[in-house]
Amino acid sequence: MAAKKARKLGGAERSERSQAIHTELDEAASLINSVHARVLASVIEARVWNIHRDVDGFSGLRDWLMERFDFHM
């Protein structure tokens with residue numbers, strides 16, 4: 001349905017919609033990258049302190065992240 005509607009838009013409308021989509025995707029990417037940076041900092045700190053092993057009993061970071069926090073690969 002959206003594809004049929006998009007084909008009927010004129011040049012100016014398509015440009016406006018394109019800009020709106022680009023803005024939305026840029027904002028989402030920025031948010032995701034921010035969250036990834038926070039996660040990475042926490043994982044690095046957990047590794048330095050061996051929290052995954054000494055506190056939670058996991059030998060590897062990957063298993064710890066996937067099982068304890070439901071991260072997916």
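What radius of gyration does the protein have, and what would a compact globule of 73 residues have? In this predicted model, the protein comes out at 21 Å, whereas a compact globule of 73 residues would sit near 11 Å. The C-alpha trace tells a matching story in its own terms, spanning about 60 × 20 × 10 Å along the principal axes. As for what the chain is built from, there are 4 helices and 0 strands, and the elements run α-α-α-α from the N terminus on.

Turning to the surface, 10% of the 73 residues count as buried. The protein exposes about 6400 Å², and 57% of that is supplied by carbon and sulfur atoms. Charges come out even in number: there are 11 positive and 11 negative side chains. The centres of those two sets lie 10 Å apart.

Part of the exposed area gathers into a nonpolar patch of about 650 Å², made by Leu40, Ile44, Val48, Trp49, Ile51 and Val55. Helix H2, which covers residues 11–48, gives the most to this patch, with 3 residues. Ile44, one of the patch residues, lies in helix H2. With a relative accessibility of 47%, Ile44 counts as partly exposed, because that value falls between the 20% and 50% limits.

Then there are the charge pairs. Side chains of opposite charge can pair when their charged atoms come close. A search of the whole structure turns up 2 salt bridges. One of them joins Asp54 to Arg53, with the closest N and O atoms 3.0 Å apart. On the acidic side of that pair, Asp54 is exposed at 53% relative accessibility, while Arg53 is partly exposed with a relative accessible area of 45%.

The other salt bridge links Asp56 with Arg68, and here the closest N and O atoms are 3.9 Å apart. Asp56 lies in the loop between helix H3 (51–54) and helix H4 (61–68), and Arg68 lies in helix H4, so this pair ties together parts that are 12 residues apart in sequence. Both partners are partly exposed: Asp56 has 27% relative accessibility, and Arg68 has a relative accessible area of 47%.

Ser59 is also found in the loop between H3 and H4. Its relative accessible area is 73%, so Ser59 counts as exposed. Looking from there towards Met73, 14 residues away along the chain, the two C-alpha atoms are separated by 18 Å.

Finally, a couple of backbone angles deserve a mention. Asn50 is not a glycine, yet has a positive phi of about 55°. This residue is found in the loop between H2 and H3. Asn50 counts as buried because its relative accessibility is 15%, and the cut-off for buried is under 20%. Asp70, likewise a residue other than glycine, has a positive phi near 60°. Asp70 lies in the segment after H4 and is exposed, with a relative accessible area of 53%.

Terms used. Residues are numbered from 1 along each chain as its sequence is written. This is a predicted model: local features need pLDDT of at least 70, side-chain atom pairs count only at pLDDT 80 or more; totals for chains, interfaces and linings use all residues. Side-chain values use heavy atoms; hydrogens and water are left out. A salt bridge is a side-chain nitrogen of Lys or Arg within 4 Å of a carboxyl oxygen of Asp or Glu. Buried means under 20% relative accessible area, exposed over 50%, partly exposed in between (1.4 Å probe, protein chains only). Helices (H or I, at least four residues) and strands (E, at least two) are DSSP runs, numbered from the N terminus. Patches are made of residues with over 30% relative accessible area and no salt bridge: like charges are joined within 9 Å, nonpolar side chains (Val, Leu, Ile, Met, Phe, Trp, Tyr) within 5 Å. Accessible areas come from the Shrake-Rupley method with a 1.4 Å probe; for residues, only the protein chains shown count as cover. The radius of gyration is taken over C-alpha atoms; the globule rule is 2.2 Å times the number of residues to the power 0.38. Lys and Arg count as positive and Asp and Glu as negative; His and the chain ends are not counted. The place of a charge is taken as NZ of Lys, CZ of Arg, CG of Asp or CD of Glu.
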